[in-house]
Structure formats: C-alpha cells, structure tokens
Amino acid sequence: MTGSSVPAASSSVPAASSDERFEALVAEADAVPVDGWDFSWFDGRATEQRPSWGYARSMAARLAQAGAALDIQTGGGEVLASAPVLAPLTVATESWPPNVARATALLHPRGAAVVADPDEPPLPFADGAFDLVVSRHPVTTWWDEIARVLAPGGTYFSQQVGRESVFELIEYFLGPRTEEERGARDPGRARDDAEAAGLEVTDLRAERLRVEFFDIGAVVHFLRKVIWMVPGFTVGAYLPQLRSLHRRIEGEGPFVAHSARFLIEARKPGRRPTGLR
C-alpha cells in the first residue's frame, strides 16, 4: 500500500455528517473488486513502509539469470510481470480463479505459463524441474515440495509475512490472539523447516514496518483483499466495530499498525545443471 498522509477530521464534526461519510466510504470499499495483487486503490488512503531489500528488484535480477523458473502463488501475476526479463521457461501457479484469469492475461504475452493449482502438495511438476523458485507472501510454504522441484544447485527466493503482522488491526476485530498464533510465521521456524527439507539457507532477514489507515474504507478494502487477516470478514458481520473505528480515525487520526516481513533464500545442494543462464 502506498499513499500520503491526510489530515484527520475534527472530532467536533456533527454526528450525522460523520455517519454519512461512514456509509459512503464503506459502500465504496465494499464494492471495489479484490482480484489480483494490485494495491493502487489505497493511494492516498493507506500507507505501508517497504522492506529495505527490494524484493521485486532482487527477484528480477535472479530471473534474468535463470533457465527455468517457477513463481508459486503468483496472485494476479503483477509482481512476476514487473521483471524486465523472464527466464526462457517461466511458470506461475495460482489457486483463486479470478487471479488465474488475471495472471494469464498479464503473463501469457510474456511467454509465461499460468497453472491453476490448489496450493497444496504435490506441485504439478517433475523433480528437479526448476533452477529458480520464487514466491511473494505465500500463504503456506511447502518446503519438501520446493526442495523436490528444485534442480541441484537451484535457489528458492521468497518474501514472506512474518510473525504478528498487522496484529493491531487483527486484535481490534478478533480480540487477543493466542501465543501459538503469535508464534506463527516465525523466520527462525522457516529456517528450521527449510533445512529439514534438505536446503541450505543462505540469507534470512526480517523487518517490522509501519502501516497507516487514513479512512475506514481503506480498512474495509484491506480486510476484503487480504482474507486471512480476519477470516470470514464482511461489513455486516463487523458493523459495530467498523463504526467505532471510523469515529476513532476521524477523532484521533490514522489507525497505525505494523506489518512483519522476512526475506529467505535457500539453495539445494549440488551442482547447477550446465546450459542454464
């Protein structure tokens, strides 16, 4: 998400005007399509700091050197399509039908194939099929499958959601989370799982990043788009909480949360096949 700060509304604004703004903002956000992984709708309405490592740029550099590459859970294909050069053989997987269609339209002209896949093992590819596997914000990382489809000497490169990401917003709607939930998506656990699958972790970095929501419409659209934050979210199910949060934002300014991101790169032992770029 990107955007610039907007001033908070004065708390002295009449309640009726505030209610009217709430209804308009929520109706707009509830009607916006949520397919794909494009966050341009948030411009001017929400911001999120970006990790210092620049995932898309780093991914593109690796794609330019790969012979056969796989992008797992590509979403609408936007991040993969941002690379100036794709590997001669580039394949992307995605589970959600609207995203499959969006990614196909975006990536087929670039010569990349999009495969509808349920995001559960096994991946529909042969052993050692790829010398590069990438994934941005996978819901689940199936490390054994990644190790299987990587060729010896191949690399897995991924930016992932870290522990307690945007928990300020999650707990506003769902209440306090358990210690088990707080410990999920831990970078150290990812390292352990990668190594257990036979991979060598060559890079692991983590950062916490400031997120700001400037109006209730941004909150609604975010929760509709990032569906695992508040599972089953609908405006109707959380109307009282949304109204209260709307008043809070108007009276106190942006709702602030913190996202967690980590970068992990892992290599499959062995010599890289000859003939690859």
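**Exercise 1. Describe the surroundings of S259, which lies in strand β8 (residues 255–267).**

Strands (E, at least two residues) and helices (H or I, at least four) are DSSP runs, numbered from the N terminus. The model is a predicted one: local features need pLDDT of at least 70, side-chain atom pairs count only at pLDDT 80 or more, and totals for chains, interfaces and linings use all residues. Residues are numbered from 1 along each chain as its sequence is written, and side-chain values use heavy atoms, with hydrogens and water left out.

Step 1. Buried means under 20% relative accessible area, exposed over 50%, partly exposed in between (1.4 Å probe, protein chains only). S259 has 0% relative accessibility and therefore counts as buried.

Step 2. Contact means heavy atoms within 4.5 Å. Leaving aside neighbours within four places in sequence, the contacts of S259 include E48, S165, E207 and R208.

Step 3. The side chains of S259 and E48 are joined by a polar contact of 2.9 Å. Such a contact is a pair of N or O atoms within 3.5 Å; within protein, one must be able to donate a hydrogen and the other to accept it, and residues adjacent in sequence count only if both atoms are side-chain atoms.

**Exercise 2. Place the strands in their sheet: which strands are at the edges?**

Step 1. Two strands pair if DSSP finds at least two bridges between them. The open sheet has 8 strands in the order β1-β7-β8-β6-β5-β2-β3-β4, with mixed pairing.

Step 2. The edge strands are β1 (46–48) and β4 (113–116), each pairing on one side only.

Step 3. Strands β2 (residues 68–71) and β3 (residues 89–94) run parallel and are joined by 4 bridges. A68 has L89 as its bridge partner in β3.

**Exercise 3. Examine helix α9 (residues 216–225): how many of its residues are buried?**

Step 1. Of the 10 residues of α9, 9 are buried, among them F222 and K225.

Step 2. At the N-terminal end, D215 caps α9, with a side-chain oxygen 2.8 Å from the backbone nitrogen of G217.

Step 3. The charged end of K225 sits over the ring of F39, 5.4 Å from its centre. The rule asks for NZ of Lys or CZ of Arg within 6 Å of the ring centre and within 35 degrees of the ring normal.

**Exercise 4. Classify the ring pair W41 and F42.**

Step 1. Rings of Phe, Tyr and Trp (its six-membered ring) pair if their centres lie within 6.5 Å; planes under 30 degrees apart count as stacked, over 60 as edge-to-face and the rest as tilted. The count is 11 aromatic pairs.

Step 2. The centres of W41 and F42 are 5.7 Å apart and the planes stand at 85°, so the pair is edge-to-face. Both residues, W41 and F42, are buried.
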